[in-house]
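Let's take a friendly walk through this structure together. Keep the 3D view open as you read.

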Amino acid sequence: MHDRITATVDVLARRIAEAVPAVGPLPSTPPMWAPHSLSRGLPGIALLFGCLGRDDPAHRNTAHAYLAAVADALPHQTEPWGLDRAIPALAFAATSVSGTTGAYRNLIAALDERVADSVRLTLAAERGRMDAGVPAPTPPRFDTLAGLAGIGRYLLGSRSAAAADTLPLVLTYLVDLAQPVRTPHGTVPGWWTVPEHAAVGAATDPREAVLDLGLAHGVAGPLALLSLARRHGVHVPGQDEAAHRMAEWLMNWTKSDEGLTHWPRMVTLTQERDRTRPAPRNPRMASWCYGTPGIARSLQLAGHAFGVERWSGAATAAVRRLLTAPRSAWTLDDHGLCHGYAGLLQTVRRVASDSPDPRLLLLTDSLADDIARACRTETVYGYEAMDPQDGRAVLVGLPGLLEGTAGIALALWDVVAGGGESHRLPWDSFLLLS
């Protein structure tokens, strides 16, 4: 099995290197491509080759070429970036690629100063919003990919002075985010957000706001960061209480039916107030972004960090039930990290690494083998994903990290290499899995 997985990773890396040159324009711009994006651009591809380069100097050279291509075209103006874009994306890739070697130390220190400036801009905007008592925009500034939960995880893994000074500010913000908000329509959790369908800047009735549960954009992201920080010995006042409030809220929304444990994607304030109106069943139950694996991993991290076995036990049981259920219940529609099989694989492997249940890791072996077998060499990148275009779903090849082949390759590589445990910033920490 491992031989097939290793061979698949080699094929995928070669395909990406051939189709996405580090110098010059792409021969044909891939769908959903954003050059400075960690999830959809060059930093994520640099991350792949940096990990592969731990055993192969040629891959290290390729990673360096991609990092240099990003660095040469960085924006000069500081913005409220999330981890997925521009300066933070390059900083994450460079820090994770450097591992324990100390490479890129000067670059990372300079980038971290700009990340710190970006965090201050984001915090200023969030303080104004919270003081005004209005819900967060979509995507929220506290989330994993576009917000401060992801940025905080990067800062936790960086060794720079700027990172050490800035991380407590992020953690303190998340502590404040956990405080209930009083509105004319009742008291609501502080992580309430504008619904996705609302126009940007539109006046929104607070009763229409939602509470997102997912690891990608919801409260599971802040909970994972508070827990990982505690695990690494970083603590701010109120951190334990905030994590308890978030974790208990997630536990209260646990659903069980047909032998499965799951959580809704989001709930409305009306559903929060009146539990007799259940949220609809999550259509992507097995995904990292909104499904059982991601939320369970967040609760498991919290249970271990804050000493609440009930959380970690419930998380492990939920993942075990999911893995032993028929795959038709998973409703996964591609092989990527975000909402596909690779994300399920990587998340469950992290849950298994912190679980006393040896069956979990065994159950992932067949999943990894199935992903490797699904590689189609007649396609450009080996795998294809569903991309909505003009109201219809079209199969497209994506090279990127979150929804494309780079992420699939990393999840498979992790199976054979066990990569990341000795690094302060493992590659999957951008998913808040470690």
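A residue counts as buried when its relative accessible area is under 20%. Thr 405 is therefore buried, with a relative accessible area of 1%. Please keep in mind that this is a predicted model.

**Thr 405 and its surroundings**

You will find Thr 405 in helix 15. Its side chain reaches the backbone oxygen of Tyr 381 at 2.9 Å. Leaving aside neighbours within four places in sequence, Thr 405 is in contact with Leu 12, Ile 16, Tyr 381, Tyr 383, Leu 398, Pro 399 and Gly 400. Tyr 381 is thus one of the contacts of Thr 405.

**Three helices side by side**

The table sets out the spans of three helices.

| Helix | Residues in it | Expected span | Span in the model |
|---|---|---|---|
| Helix 3 | 15 residues | 21 Å | 21 Å |
| Helix 13 | 13 residues | 18 Å | 18 Å |
| Helix 14 | 15 residues | 21 Å | 22 Å |

**Helix 3**

Helix 3 runs over residues 57-71. At its N-terminal end, Asp 56 acts as a cap: a side-chain oxygen of Asp 56 lies 2.9 Å from the backbone nitrogen of Ala 58. Which residues of helix 3 are buried? They are His 59, Ala 63, Tyr 66, Leu 67, Ala 69 and Val 70. These residues cover an arc of only 155 degrees around the axis, which puts them on the same side of helix 3. As a general point, an α-helix has 3.6 residues a turn, so residues three or four places apart point the same way. The cover over the buried residues of helix 3 includes helix 1 (2-19), helix 2 (42-52) and helix 4 (86-98).

Val 70 is a good residue to click on here. It sits in helix 3 and is buried, with a relative accessible area of 0%. Not counting residues up to four places away in sequence, Val 70 touches His 36, Leu 42, Pro 43 and Leu 90. For a sense of scale, the C-alpha atoms of Val 70 and Ala 216 are separated by 24 Å, and these two residues are 146 residues apart along the chain.

**Helices 13 and 14, and the loop between them**

How many of the 13 residues of helix 13 are buried? The count is 12, so helix 13 is largely enclosed by the rest of the structure. Among them are Tyr 341, Gly 343, Gln 346, Thr 347, Arg 349 and Arg 350. Helix 11 (292-306), helix 12 (309-324), helix 14 and helix 15 (405-417) are included in what covers the buried residues of helix 13.

In helix 14, the buried residues are Leu 360, Thr 364, Leu 367, Ala 368, Asp 369, Ile 371 and Ala 372. Their cover includes helix 1, helix 12, helix 13 and helix 15.

Between helix 13 (341-353) and helix 14 (359-373) comes a loop, and Ser 355 is found there. At 15% relative accessibility, Ser 355 counts as buried. A polar atom of the Ser 355 side chain lies 3.0 Å from the backbone nitrogen of Asp 357. Leaving out residues up to four places away in sequence, Ser 355 touches Gln 300, Thr 316 and Leu 360.

**The nonpolar core**

Which residues touch the most other members of the largest nonpolar core? Trp 288 and Phe 430 do, out of 143 residues in that core. Helix 4 gives the most to this core, with nine residues. Not counting residues up to four places away in sequence, Trp 288 touches a set of residues including Thr 144, Leu 145, Leu 215, Ala 216, Gly 343, Thr 347 and Leu 433.

**Leu 250 in helix 9**

Leu 250 belongs to helix 9 (residues 239-252). With 0% relative accessibility, Leu 250 counts as buried. Beyond residues up to four places away in sequence, Leu 250 touches Leu 213, Val 219, Ala 220, Leu 223, Trp 263, Ile 295 and Leu 299. Leu 250 and Arg 54 are 38 Å apart in space, C-alpha to C-alpha, and 196 residues apart in sequence.

**A sheet of three strands**

Finally, look for an open sheet of three strands in the order 3-4-7, with antiparallel pairing. Strand 3 (192-193) and strand 7 (266-268) are the edge strands, and each pairs on one side only. Strand 3 pairs with strand 4 (residues 210-212) in the antiparallel sense over two bridges. Within strand 4, Leu 211 stands opposite Trp 192.

Technical notes:
Residues are numbered from 1 along each chain as its sequence is written. This is a predicted model: local features need pLDDT of at least 70, side-chain atom pairs count only at pLDDT 80 or more; totals for chains, interfaces and linings use all residues. Side-chain values use heavy atoms; hydrogens and water are left out. Helices (H or I, at least four residues) and strands (E, at least two) are DSSP runs, numbered from the N terminus. The expected span of a helix is 1.5 Å times one less than its number of residues. Buried means under 20% relative accessible area, exposed over 50%, partly exposed in between (1.4 Å probe, protein chains only). The arc is that of the directions from the helix axis to the C-beta atoms. Contact means heavy atoms within 4.5 Å. A polar contact is a pair of N or O atoms within 3.5 Å; within protein, one must be able to donate a hydrogen and the other to accept it, and residues adjacent in sequence count only if both atoms are side-chain atoms. A nonpolar core is a set of buried Ala, Val, Leu, Ile, Met, Phe, Trp, Tyr and Cys residues joined through side-chain atoms within 4.5 Å. Two strands pair if DSSP finds at least two bridges between them.
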